[in-house]
Amino acid sequence: MLRGGPTYGFEIARHLTRDGVLMGSEGTLYPLLSRLRKAGLVDTTWQESPSGPPRRYYALTDSGSRALEDFTRTWQPFRDAVDAALSEGAAP
């Protein structure tokens, strides 16, 4: 979600909890974002909100973009291996 630019934390949470599959509640998102920030993979900025207190926005750092590229390259083979392992255990 951060590939397209800085995103407000609540927007990320709303998107990831939409179907209840990727994330069950937003309570797990903010600790994850904090770990990503501490690891140097995301930066945060505060921006004024027209309807309440300032909002924290998250954006990928250069290191975060490289990590995302690496993950993207390895995801397909990993997913294919998991799918193959699951189908081998399926009944004929």
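This is a short selection tour of the structure above, stop by stop.

**Before you start.** The model is predicted: local features need pLDDT of at least 70, side-chain atom pairs count only at pLDDT 80 or more, and totals for chains, interfaces and linings use all residues. Residues are numbered from 1 along each chain as its sequence is written, and side-chain values use heavy atoms, with hydrogens and water left out.

**Stop 1: helix 3.** Select residues 62-88. This is helix 3, with 27 residues. Helices here are DSSP runs of H or I with at least four residues, strands are runs of E with at least two, and both are numbered from the N terminus. From first C-alpha to last, helix 3 reaches 40 Å, close to the 39 Å expected at 1.5 Å a residue. The expected span is 1.5 Å times one less than the number of residues.

**Stop 2: the kink.** Where does helix 3 kink? Go to W75. The kink there is about 35 degrees, and it lies shortly before the proline P77. The bend is the angle between two fitted axes, one for the seven residues ending at a residue and one for the seven starting there. W75 is partly exposed, at 38% relative accessible area. The classes are buried under 20%, exposed over 50% and partly exposed in between, with a 1.4 Å probe and protein chains only.

**Stop 3: the nonpolar patch.** Keep W75 and add F71, F78, V82 and L86. Together they form a nonpolar patch on the surface, with about 520 Å² of accessible area. Areas come from the Shrake-Rupley method with a 1.4 Å probe, and for residues only the protein chains shown count as cover. Patch members have over 30% relative accessible area and no salt bridge; like charges are joined within 9 Å, and nonpolar side chains (Val, Leu, Ile, Met, Phe, Trp, Tyr) within 5 Å.

**Stop 4: salt bridges.** How many salt bridges does a search of the whole structure find? It finds 2. The criterion is a side-chain nitrogen of Lys or Arg within 4 Å of a carboxyl oxygen of Asp or Glu.

- Select R73 and D70. Their side chains meet at 2.3 Å, N to O. The two are 3 residues apart in helix 3, so about one helical turn separates them. An α-helix has 3.6 residues a turn, so residues three or four places apart point the same way. R73 is exposed at 55% relative accessible area, while D70 is partly exposed at 40%.
- Select R79 and D80. The closest N and O atoms of this salt bridge are 3.8 Å apart. R79 is partly exposed at 34%, and D80 is partly exposed at 38%.

Stay on R79, which is found in helix 3. Draw a C-alpha line to G64: the two are 15 residues apart in sequence and 21 Å apart in space.

**Stop 5: aromatic rings.** A pair of aromatic rings is described by the distance of the centres and the angle of the planes. Rings of Phe, Tyr and Trp (its six-membered ring) pair if their centres lie within 6.5 Å; planes under 30 degrees apart count as stacked, over 60 as edge-to-face and the rest as tilted. By this rule there are 4 aromatic pairs. One of them is Y8 with F10: it is tilted, at 6.4 Å centre to centre and 50 degrees between the planes. F10 is partly exposed, at 35% relative accessibility. Now add Y57. Ring pairs link Y8, F10 and Y57 into a cluster.

**Stop 6: three more C-alpha distances.**

- G5 lies in the segment before strand 1 (7-8). Is G5 buried or exposed? At 18% relative accessibility, G5 counts as buried. Its C-alpha and that of L68 are separated by 14 Å, at 63 residues apart along the chain.
- D19 sits in the loop between helix 1 (9-17) and helix 2. D19 is exposed, at 52%. D19 and L33 are 14 residues apart in sequence and 20 Å apart, C-alpha to C-alpha.
- P31 lies in helix 2 (residues 29-38). P31 is partly exposed, at 38%. The C-alpha atoms of P31 and S65 are separated by 20 Å, with their positions 34 residues apart along the chain.
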